[in-house]
Amino acid sequence: MLVQHARKRAYIAGLLGGAAAAAFGTTALAQTASTDVDEVVVTARRVEENIQNVPVAVTALGESAIKERGIVTTTDVMFAAPSIQMTTQFGRLSGGFSIRGLAGGTQVYYAEVPGGPTESAAPLYDVGSVQVLNGPQGTLFGRANTAGAVLVTPNRPKFNEFSGSFEVNQGNLGLSRITGVINVPIVDDQLAVRLAVHRDHLDGYTKVLGSSQRLNENNSQEFRFSVDWRPGNGRFRNYAVLDYYDVDQASGATSLTAINPTLALYNLPANIDAPNGLATGTAVFGAACNAAVTAGLSPNLNTCIDQRLRTAATFRPAMEAEYARLQAGGKDAARYVPGDPNLDLNETLRKWTFVNQSEYDFGEVGFTTLTLRNIFGFQAAKGATGWDVDGLGGLIQSSVSVSQTSSYAFSVSAQQQGNRAVFEAGPYQKVYTNETQLRGVIGDDLVSWSLGGFYQRTPAIRNLNGIRNLSRVYSGVTLPTLGYNPSFPFPDGGLTTQRALYGQATVDIGFLAPFIQGLHATGGLRKSWDKSEIFSRSVSTNLQTGAYVPGAQTRSFTKSDGWNSTLTLDAQVNDDLLLYVATRKGYRPGGINLVLDAAGLPNYTPNYAPETVRDYELGSKFDFRSGGLRGRLNAALYRTEYSDIQRTFNASVNGVTTTYIVNASAAVIKGAELQGQIVFGNWDLSANYSYADAAFTDWLGADPLALIRPGNARCEPPLTAAICLIDLSDNPFPNISKHQGSFTVKYNVPVDPDLGDISIQGTLYAQSRRYFTDAAARNIEQYGEQVRDALSQGAFERINVRADWKNIRGSRVSGALFINNLTDANYALTSIPQLHSLGTAVRIYGEPRTYGVMLRYAFGQ
């Protein structure tokens with residue numbers, strides 16, 4: 001096995017090494033025609049600039065690249081940019097990006113507003129560009145972040161162009177993507193509108209054993225209406241976007257990857273007649289059964305205990321049988337899971353997004369130009385997900401929940417009827433943002449400056465009819481109702497706000513180095529103030545009906561503030577070479593953990609603290625040419641110092657499964673990133689590669705497995721009778737691969753121009769091992785080397801290929817054939833290890849091979 005892993009690592013290293021050699025070894029390439037590398041415009045500094053002039057590590061994907069590389073959803077961005085990964089949690093909609101290993105500190109922006117329809121399964125349709133900015137970007141961007149930013153920019157209406165398109169993609173697994181766009185000019189040079197509608201469907205690619213049901217489905221509809229208005233002399237401009245995103249699909253499937261059948265509950269007597277059956281059953285289930293008998297849910301104590309023992313006796317055989325099936329069946333077996341007859345395995349989302357950008361250009365005002373911009377955003381989202389967390393059809397754990405960090409986390413409204421969970425999307429969770437900017441230029445680009453303020457308001461939901469998270473653990477045998485346990489209290493209102501002021505300036509200091517083309521210094525500061533006041537109500541259960549009833553109100557409060565900063569020096573050596581050095585500080589606010597019972601939760605605190613990042617980056621951007629060959633090579637070296645890391649923990653204690661956030665001390669991440677492109681003749685080669693060396697430098701905390709307790713020799717000072725802290729810094733850093741990269745080859749077939757444009761393209765993506773949990777080493781220590789693959793995704797490759805024929809025979813019709821994930825790689829997007837509490841570890845897998853045909857009709861373009 002170790003030899004196989006070594007070969008695979010060598011294969012990937014050789015593959016990416018060959019990609020780099022192909023992309024950057026210019027002397028070996030034929031020189032047949034003069035073709036330029038495209039100029040790419042980015043908005044990494046909130047203004048439009050050539051990517052080669054921006055002292056920031058940024059990846060930009062235009063509309064054509066998004067289509068040709070098979071980037072269909074937000075998740076797919078990870079296959080096209082260095083140092084970015086997607087981790088899916090609580091179903092296919094609740095994922096989040098990790099940039100340079102920093103999970104949770106990445107903010108996605110939609111039309112310059114944080115959030116929008118950018119969930120992990122959200123389709124990227126009629127999008128003009130996607131940009132990935134690596135490293136803290138919080139000085140200029142409207143929401144404090146520590147990792148980076150992903151900018152999704154929808155296509156704006158075009159003045160003076162009546163145009164549109166209709167595109168259909170059809171393929172295997174019921175794949176059906178339909179997009180219609182129409183652009184209508186209303187007043188020449190002044191007013192235009194654009195409407196885009198989209199439908200996305202993919203049959204669930206995981207089948208339920210013994211039924212026709214499928215999980216891991218994509219099924220969504222979306223529309224976007226935008227207006228661009230530039231009246232009169234053009235100094236004023238207003239751009240507005242209204243987007244609606246509607247999802248109703250089968251939820252994500254979890255596949256069992258490791259088991260721990262040694263837990264006490266999996267080794268009880270089979271019934272009360274077995275040796276020690278009644279005594280053991282009474283000790284384990286007596287309290288729950290007494291309550292059940294009192295409530296009339298069971299006729300007598302012995303019957304109740306016997307029922308629970310017989311149910312518990314099915315756990316270990318079912319677990320071992322499913323694990324054996326998966327081990328024997330390999331990849332194909334992982335695309336089948338046991339069914340759950342007791343829970344609606346479905347996820348829904350309804351999301352409205354409105355963005356309004358207003359801008360007025362005052363022209364010259366004294367010694368500076370002056371432009372005023374205001375960006376207003378409103379989002380309202382609600383949804384819910386029912387899913388099995390155990391890979392066993394809910395036998396061990398089923399849940400109604402969404403990620404705590406999602407845009408609709410608190411909109412879930414779940415209740416219990418008898419011992420069954422019923423759920424729906426409750427009230428809309430709303431977010432208001434507003435950012436005001438002043439910017440200008442002094443002299444002949446002597447000083448470019450920007451000042452601004454940001455405000456975000458998130459009213460907390462009040463819903464006394466349902467709860468955001470329910471879990472049924474061990475088939476409910478530890479509860480009187482045999483049902484679900486609420487993990488969170490009833491939401492009862494409150495308010496979370498963030499306020500920020502910022503300023504940034506770039507100064508031309510070229511006089512200090514007249515022997516080069518340009519020298520600039522950039523400095524910026526941002527001060528953020530965060531406050532959260534949340535009201536909640538305790539939960540009690542009506543045992544006769546199973547319903548949850550709100551109780552006493554509790555107030556939770558936290559506030560924090562912090563600084564973001566940037567300091568950059570960039571040297572434009574000549575037209576083709578930019579060198580820069582930068583240091584930035586990022587701040588991410590703290591928050592409140594709302595749980596019902598915190599007893600026994602490892603590392604739990606009622607409030608979690610802000611996290612901070614300080615990074616140092618050295619970079620270069622270089623364009624080159626030789627005869628008919630054109631090329632580009634951008635590189636960055638970085639060091640990130642990460643403190644008070646915010647991590648999401650999942651724990652199951654006393655039959656209640658809870659999600660909460662903890663601060664996991666400190667880490668240092670060092671790495672390098674390369675991006676290159678070569679264009680010659682009919683060939684276009686591009687590659688990106690990232691290397692990362694990440695490690696915890698300090699992590700002293702409670703045992704994540706809750707097995708090492710006070711009095712153990714591993715306990716570190718301070719020692720008390722109630723607290724045991726151990727050194728956890730030897731755990732591998734999660735959500736990052738040491739090696740990650742992609743290589744794209746595009747060939748433009750030489751044909752008569754009257755026939756149209758024909759091209760063939762292929763993209764290879766590869767990465768080394770990536771861990772999903774902070775406590776991987778601790779789990780491996782406890783349960784053995786065999787669980788390593790259950791806690792991580794080993795090295796894998798993914799290949800997309802596509803053939804395009806644009807403007808077929810000079811017509812308005814274009815077509816394409818495509819295959820995504822050509823080799824049908826079975827790769828994990830996340831894992832959920834609960835070996836210490838529930839005896840299971842599961843994975844959620846990415847999409848298998850899909851293939852199909854695209855036809856597109858366009859006019860007026």
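A residue is taken as buried when its relative accessible area is under 20%, and in this predicted model E322, at 7% relative accessibility, therefore counts as buried. The partner of E322 in a salt bridge is R325, with the closest N and O atoms 2.8 Å apart. R325, in contrast to its buried partner, has a relative accessibility of 24% and so counts as partly exposed. Both residues belong to helix α5, which spans residues 315-333, and they are three residues apart, about one turn of the helix. An α-helix has 3.6 residues a turn, so residues three or four places apart point the same way.

Helix α5 also takes part in a salt bridge that reaches a distant part of the sequence, since K331 lies in this helix and D824 in the loop between β48 (813-820) and β49 (828-834), so that the pair ties together parts that are 493 residues apart in sequence. The closest N and O atoms of D824 and K331 are 3.8 Å apart. D824 counts as buried at 11% relative accessibility, whereas K331, at 34%, counts as partly exposed. A further salt bridge is formed between the side chains of R632 and D623, with an N to O distance of 2.8 Å, and in this pair both residues are buried. Salt bridges with shared partners also link R46, E112, E359, R373 and E435 into one network. In total, the structure holds 42 salt bridges.

The packing of two other helices, α3 and α4, was examined next. The axes of α3 (residues 277-294) and α4 (residues 301-312) come within 8 Å of each other and cross at roughly 115 degrees, which makes α3 roughly perpendicular to α4. The crossing of these two helices is right-handed. On the α3 side, the contact is made by G277, L278, G281, T282, F285, G286, C289, N290, A292 and V293, and these residues meet L301, N302, C304, I305, R308 and L309 of α4. By residue class, the contact of α3 with α4 comprises nine nonpolar, six polar and one charged residue.

In helix α6, which covers residues 776-783, the buried residues are A776, R778, N779, I780 and Y783. These buried residues of α6 pack against two strands, β42 (726-727) and β45 (770-771). Just after the helix, the backbone at G784 takes a positive phi of about 100 degrees.

Two further positions were considered, one in a strand and one in a loop. S471 is placed in strand β27, residues 470-473, and is buried, with a relative accessible area of 2%. Between S471 and A421 the separation is 50 residues in sequence and 8.9 Å in space, taken from C-alpha to C-alpha. D344, for its part, is found in the loop between β19 (336-337) and β20 (346-365). When residues up to four places away in sequence are not counted, D344 touches G386 and F423. The C-alpha atoms of D344 and G418, which are 74 residues apart along the chain, are separated by 15 Å.

How values were computed:
Residues numbered from 1 in each chain as written. Predicted model: local features only at pLDDT ≥ 70, side-chain atom pairs only at ≥ 80, totals over all residues. Heavy atoms only, no water. Axes fitted to C-alpha atoms, helices over the stretch in contact; angles between N-to-C directions. Helix = DSSP H or I, 4+ residues; strand = E, 2+ residues; numbered from the N terminus. Parallel < 35°, antiparallel > 145°, perpendicular 65-115°, else oblique. Left-handed = near helix turned anticlockwise from the far one by under 90°. Contact = heavy atoms within 4.5 Å. Nonpolar A, V, L, I, M, F, W, Y, C, P; charged D, E, K, R; others polar. Salt bridge = Lys/Arg side-chain N within 4 Å of Asp/Glu carboxyl O. Buried < 20%, exposed > 50% of the residue type's maximum accessible area, 1.4 Å probe, protein only.
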